[in-house]
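Open the model in your viewer and set it to a cartoon display. The tour below says what to select at each stop.

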Amino acid sequence: MRPDLLNPLFAEATSLKGVGAGLARPLDKLGLTRVRDFLYHLPDRFVQRRAVQTLDEAALGEQIIVALTVLEHRQPAGRGPFRVIAQDSVGNHVAITYFGRASYTAKKSLPVGETRWVAGRLDQFGQTWQIVHPDHVSEDSAGLQGHLTEAVYPLSEGLTQGRIASLIHQSLGQAPRLPEWIEPGLLAREEWPAWHEALARTHQAPDKRARDRLAYDELFANALALMLVRAANRTRAGQPLHGDGHLRAKLNLPFALTGAQSRSIAEIESDMAQGSPMLRLLQGDVGSGKTAVALHAMLVAVEAGGQAALLAPTEILARQHADTLARMARGTGVNIALLTGRDKGRAREALLMNLLDGGIDILVGTHAIFQDSVAYRNLALVVIDEQHRFGVGQRLMLTQKARRTPHCLAMTATPIPRTLTLAQYGEMEVSRLDEMPPGRQAIDTRVVAQERLADVIDGIGRHIAAGHQAYWVCPMVREAENEDLAAAEARHAMLAERFGERVVMVHGQMRPEAKDAAMERFASGEASLLVATTVIEVGVDVPNATLMVIEQAERFGLAQLHQLRGRVGRGSQKSTCLLLRGDMVSKVGRERLALMRETQDGFLLAEEDLRLRGGGELLGTRQSGDTPFRVADFEQIANLLPIAHDDARLLMERDGGLSSPRGEAARVLLYLFERDWGVQLLRGG
Ligand code: ADP
Ligand code: MG
């Protein structure tokens with residue numbers, strides 16, 4: 001149960017004054033559904049303004065606060081903007097400009113003949129000064145005193161800075177004081193403020209100490225929860241499995257396993273023979289051969305009389321996995337079935353019966369395979385492909401399906417740096433496929449300026465005329481999802497005009513049937529060019545596709561680019577990856593793309609990406625979505641996570657665990673960050 005102390009923080013957003021149905025939607029888009037979420041909606045940056053007496057004192061582009069006397073309202077001619085002409089104390093003229101329907105408010109807040117304090121950015125318009133859409137207009141200077149330093153928050157359509165700031169302010173007012181969970185020595189050494197104060201300060205002005213403390217809280221909560229999971233897992237009753245090898249002996253793979261594959265299989269087999277359930281992560285770059293390892297593990301389970309389930313993040317992947325496994329396991333007589341959300345009615349019933357009877361040895365599917373209606377005869381092993389799509393909570397839920405906790409093997413191709421491995425998978429043992437199957441060719445990677453788009457398209461034309469296939473990837477970054485989708489669709493339309501029927505498209509907002517149909521046409525070779533958003537990031541395997549174009553490559557994380565690139569270079573032919581970059585790319589952005597050209601080592605790329613982005617690149621850090629954290633940024637993760645882990649261990653092993661006074665506070669923290677599955681496990685175990 002969540003401590004009562006936290007109740008005000010978990011009240012619905014609609015309990016805040018001024019939040020009605022209309023605001024709920026844009027707030028929801030930002031993930032702001034409860035009071036707590038507002039506290040942690042941290043500023044992207046701060047505007048620093050300077051109060052000036054006259055416009056002569058200000059530089060062009062500067063954010064200023066200045067007293068202006070209104071001279072005239074200038075109605076637009078036709079569709080032009082509405083302008084308020086005003087002057088400063090020495091008679092300099094400035095146009096305060098409003099586009100769209102803002103003129104009504106402008107007339108009211110800036111009446112002719114009156115003096116007002118205006119905060120905004122000083123620009124130039126022809127020969128005159130101008131301020132476009134001032135941030136604040138006030139009748140007295142006191143009204144703007146608090147705006148000299150002002151937070152700038154991430155927004156969604158329908159929200160304004162003022163609105164979000166006032167909701168955050170209201171939320172802060174409702175936030176209780178919380179007991180201290182940070183180790184006193186650490187708190188003193190870092191000179192961190194208490195929780196409540198840290199929040200208030202973080203929203204007020206740039207404040208590294210305050211912000212670090214908040215990040216640390218999140219990292220500590222995560223570390224502690226993972227530690228609890230691990231401890232609980234050790235006490236769970238598992239099912240020791242001893243495969244006798246008779247099925248694996250019948251496997252007739254067209255290749256010999258690599259050393260890394262054999263080693264991983266041995267590690268897995270030894271875990272599965274233990275009494276406590278396996279919790280192991282198989283980390284291996286795209287193409288490193290994780291499927292074969294998974295198949296071996298599943299055969300061990302079946303040899304020992306159990307069933308195995310393989311969970312894939314998408315239907316496309318589930319289908320592909322089922323096909324691949326069936327092909328690989330043909331000689332073994334093992335029965336492999338596919339279950340997705342689309343299976344309904346009789347066929348589904350029959351499959352479920354078969355699963356309960358034990359007629360199905362291996363079930364492959366999307367999360368549909370863990371619905372309540374799905375019962376296994378003896379689920380002994382769960383394999384999760386592309387682990388990062390599932391939260392730890394989900395992972396726990398599905399291993400609770402069986403009477404005895406099944407062994408769990410998670411597989412990921414996301415090359416994450418070691419520090420993040422700890423954060424994300426802290427509770428797991430790790431096997432790394434650090435050796436590629438022989439005969440892989442390097443992918444020829446080139447960075448190409450967007451201006452050369454026409455040449456690139458001609459190149460595609462030649463490529464598909466020669467009977468090859470290609471991918472065209474468009475970015476989908478959460479911030480501007482609709483715009484991104486529109487851009488991808490426009491690109492598809494343009495390419496389809498040129499290449500006709502041979503172009504197909506997939507993106508995340510299509511119906512699954514339509515998506516599969518398009519994938520099917522591409523996989524069968526009927527279509528030559530697949531325009532896609534990042535849904536193709538994981539798994540898809542079409543060896544004849546040997547060219548990939550990635551648009552606005554600078555907007556992707558390196559790890560993601562690397563995974564995308566891994567879609568080509570799967571066959572014996574030479575493959576090429578073209579990274580199109582816009583002309584606004586920063587220095588760090590260029591360095592990052594250059595790295596893509598230089599190495600194909602996913603782990604190295606991940607380390608470098610962390611280093612480069614940790615170096616203060618503002619764009620694309622927090623929205624990147626490739627860490628489990630919302631508060632802590634890359635730099636904070638790198639610096640504070642190891643400390644958080646040590647402190648979590650200290651608390652559990654020296655300071656009396658969750659029932660000590662600091663432990664009680666830490667329990668509050670776990671609930672605050674909704675890592676309370678850790679607490680629940682502890683109680684259940
Ligand atoms: P991952 O899932 O790790 O990205 P896959 O399991 O899909 O990689 O394997 C990629 C390709 O490499 C597949 O075509 C697979 O058959 C092949 N492969 C796997 N292991 C080996 C090996 N030891 N030698 C040669 N080819 C291999
Ligand atoms: Mg795979």
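Two strands count as paired if DSSP finds at least two bridges between them. The model you are looking at is predicted.

Start by selecting residues 469–473, strand S18, together with residues 529–532, strand S20. These two strands run parallel and are joined by four bridges. To see one of the pairings, pick Ala470: its bridge partner in S20 is Leu529.

Next, widen the selection to the whole sheet. It is open and has six strands, in the order S17-S22-S21-S18-S20-S19, with parallel pairing. Select 444–449 and 503–506 to see its edge strands, S17 and S19, each of which pairs on one side only. On average, neighbouring strands of this sheet are turned by 20° against each other, direction ignored.

Now add the helices that pack on the sheet. Residues 453–465 are helix H16, which touches S17, S18, S20, S21 (545–550) and S22 (576–581). The direction of H16 makes about 150° with that of S18. Residues 558–565 are helix H19, which touches S17, S18, S21 and S22. The direction of H19 makes about 150° with that of S21.

For the last stop, select helix H7 (195–204) and helix H8 (208–235). What is the angle at which H7 and H8 pack? It is about 125°, and the axes are 8 Å apart. H7 and H8 are therefore oblique to each other, and their crossing is left-handed. Show side chains at the contact: H7 contributes Trp195, Ala198, Leu199, Arg201 and Thr202, while H8 contributes Arg209, Ala210, Arg211, Arg213, Leu214 and Asp217. Sorted by class, this contact has five nonpolar, one polar and five charged residues.

Notes. Residues are numbered from 1 along each chain as its sequence is written. Chains are lettered from A and ligands numbered from 1 in the order in which they are written. This is a predicted model: local features need pLDDT of at least 70, side-chain atom pairs count only at pLDDT 80 or more; totals for chains, interfaces and linings use all residues. Side-chain values use heavy atoms; hydrogens and water are left out. Axes are lines fitted to C-alpha atoms, for helices over the stretch in contact, and angles run from 0 to 180 degrees between N-to-C directions. Contact means heavy atoms within 4.5 Å. Angles under 35 degrees count as roughly parallel, over 145 as roughly antiparallel, 65 to 115 as roughly perpendicular and the rest as oblique. A crossing is left-handed if the near helix is turned anticlockwise from the far one by less than a right angle, and right-handed if clockwise. Ala, Val, Leu, Ile, Met, Phe, Trp, Tyr, Cys and Pro count as nonpolar, Asp, Glu, Lys and Arg as charged, and the others, Gly among them, as polar.
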